[in-house]
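I opened a new notebook page for this one. My plan was to look at the whole first and then go into a few pieces.

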Amino acid sequence: MPETNYIAENLRAVRSQIAQAADKANRAAEEITLIAVSKTHPSEILQTAIAAGANHLGENKVQEAAGKVAEIGRSAANWHLIGNLQANKARKAVQSFDLIHTLDSIELARRLERICQEESRDRLEVLIQVDLAREATKSGVTENDLPNLVAVFNEFEHLKLRGLMILPPFFDEPELARPYFRRLREIRDELQNKNVFGDKAGELSMGMSNDFAVAIEEGATLVRVGTAIFGKRENLKSEI
Ligand SMILES: *Cc1c(COP(=O)(O)O)cnc(C)c1O
């Protein structure tokens with residue numbers, strides 16, 4: 001028995017908790033996509049997760065992710081960028097990822113659009129990271145600046161706004177994150193009423209290992225779960 005069997009077991013447990021939370025909220029579990037956050041873990045571990053059915057993987061560092069994508073294959077999984085994106089990594093990000101969760105400036109949006117053009121990437125879907133707590137250490141656009149960032153998508157041909165993402169302050173008690181999740185959903189609903197996500201519903205990327213159940217109750221469509229699947233990360237430098 002391979003010693004990485006715990007990954008398949010953990011995936012099963014997380015999926016069943018997702019189903020329970022969805023059920024509690026009268027939602028269909030199929031509405032929720034589990035992103036297995038594989039940052040800091042080596043490619044073999046990712047491959048084990050893929051073999052166990054994890055087809056969405058989340059990484060927070062472009063360089064680290066690009067290496068894994070090259071080893072494992074661009075089409076072996078759906079690759080999600082969940083960490084801050086610096087301008088000088090934008091091209092590599094366009095090449096490596098299916099969905100970028102962390103757009104937070106007009107400048108970066110314009111750069112991504114231009115790179116899509118240059119790289120013949122027909123369509124790149126992004127989420128805007130919203131900073132509701134106004135934490136100086138975290139990236140994300142404030143609620144005040146959000147409308148201008150949303151409006152810039154009118155200029156674009158390739159870059160598509162698919163939804164919103166939030167990384168609330170860390171709380172030991174998951175209930176304390178609920179107001180952030182709820183507010184993000186309200187903002188998503190307001191934008192959706194203005195048709196900014198096209199004819200599809202806007203995605204809500206929210207919820208991590210310790211609070212994904214609460215996030216699902218509040219409408220999460222993408223949950224980003226690392227520790228509960230892969231165990232504790234050792235390299236704390238790679239943390240958010
Ligand atoms: C690391 C990370 C996660 C996963 O966190 P866990 O607590 O390990 O589940 C989710 N979202 C972001 C943005 C992260 O950086």
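Below are my entries, in the order I looked things up.

**Entry 1: the whole thing**

First reminder to myself: this is a predicted model. I counted nine helices and eight strands in the protein. Then I looked up the overall dimensions. Along the principal axes, the C-alpha atoms fill a box of roughly 55 × 40 × 35 Å. A compact globule of 240 residues would have a radius of gyration near 18 Å, and the protein comes out at 17 Å, which agrees.

How much of the protein is buried? I got 48% of the 240 residues. I also checked contacts between residues at least 6 apart in sequence, and 61% of them join residues at least 24 apart. The exposed surface is about 11,700 Å², with carbon and sulfur atoms supplying 45% of it.

**Entry 2: helix α1**

Next I went to α1, residues 5–24. Its 20 residues reach 29 Å from the first C-alpha to the last, and 28 Å would be expected, so I noted the two as close.

Which residues of α1 are buried? My list reads I7, A8, L11, V14, I18, A21 and A22. Looking down the axis of α1, I found these buried residues within an arc of 150°, so they line one face of the helix. The general rule helps here: an α-helix has 3.6 residues a turn, so residues three or four places apart point the same way. On the other side of α1, I noted R12, Q20, D23 and K24 as exposed.

Then I asked what covers the buried residues of α1. The cover includes β1 (33–37), α2 (43–51), α8 (212–217), β8 (222–225) and α9 (227–230). After α1 comes N26, with a positive phi near 55°.

**Entry 3: helix α2**

Since α2 turned up in the cover of α1, I looked at it next. Its buried residues are S43, I45, L46 and A49. Down the axis of α2 they fall within an arc of 160°, so here too I could write that they line one face of the helix. E44 and A51 are exposed on the other side of α2.

The buried residues of α2 pack against α1, β2 (56–59), α3 (62–72), β3 (78–81) and α9. G53 follows α2, and its phi is positive, near 105°.

**Entry 4: strand β6 and its neighbors**

Is β6 (residues 159–165) mostly buried or exposed? Six of its seven residues are buried, so the rest of the structure largely encloses it.

I followed its pairings both ways. Strand β5 (residues 124–129) is joined to β6 by six bridges, and the two run parallel. One pair I wrote down is L127 with G163. Strand β7 (residues 203–205) is joined to β6 by three bridges, again parallel. There I noted M165 with S205 as bridge partners.

**Entry 5: two loop residues with positive phi**

Last, I checked two residues other than glycine that have a positive phi. T40 has phi near 75° and sits in the loop between β1 and α2. Its relative accessibility is 24%, so it counts as partly exposed; the buried cut-off is under 20%.

S120 has phi near 55°, in the loop between α5 (106–118) and β5. At 66% relative accessibility, S120 counts as exposed.

Definitions and conventions
Residues are numbered from 1 along each chain as its sequence is written. This is a predicted model: local features need pLDDT of at least 70, side-chain atom pairs count only at pLDDT 80 or more; totals for chains, interfaces and linings use all residues. Side-chain values use heavy atoms; hydrogens and water are left out. Helices (H or I, at least four residues) and strands (E, at least two) are DSSP runs, numbered from the N terminus. The expected span of a helix is 1.5 Å times one less than its number of residues. Buried means under 20% relative accessible area, exposed over 50%, partly exposed in between (1.4 Å probe, protein chains only). The arc is that of the directions from the helix axis to the C-beta atoms. Contact means heavy atoms within 4.5 Å. The radius of gyration is taken over C-alpha atoms; the globule rule is 2.2 Å times the number of residues to the power 0.38. Accessible areas come from the Shrake-Rupley method with a 1.4 Å probe; for residues, only the protein chains shown count as cover. Two strands pair if DSSP finds at least two bridges between them.
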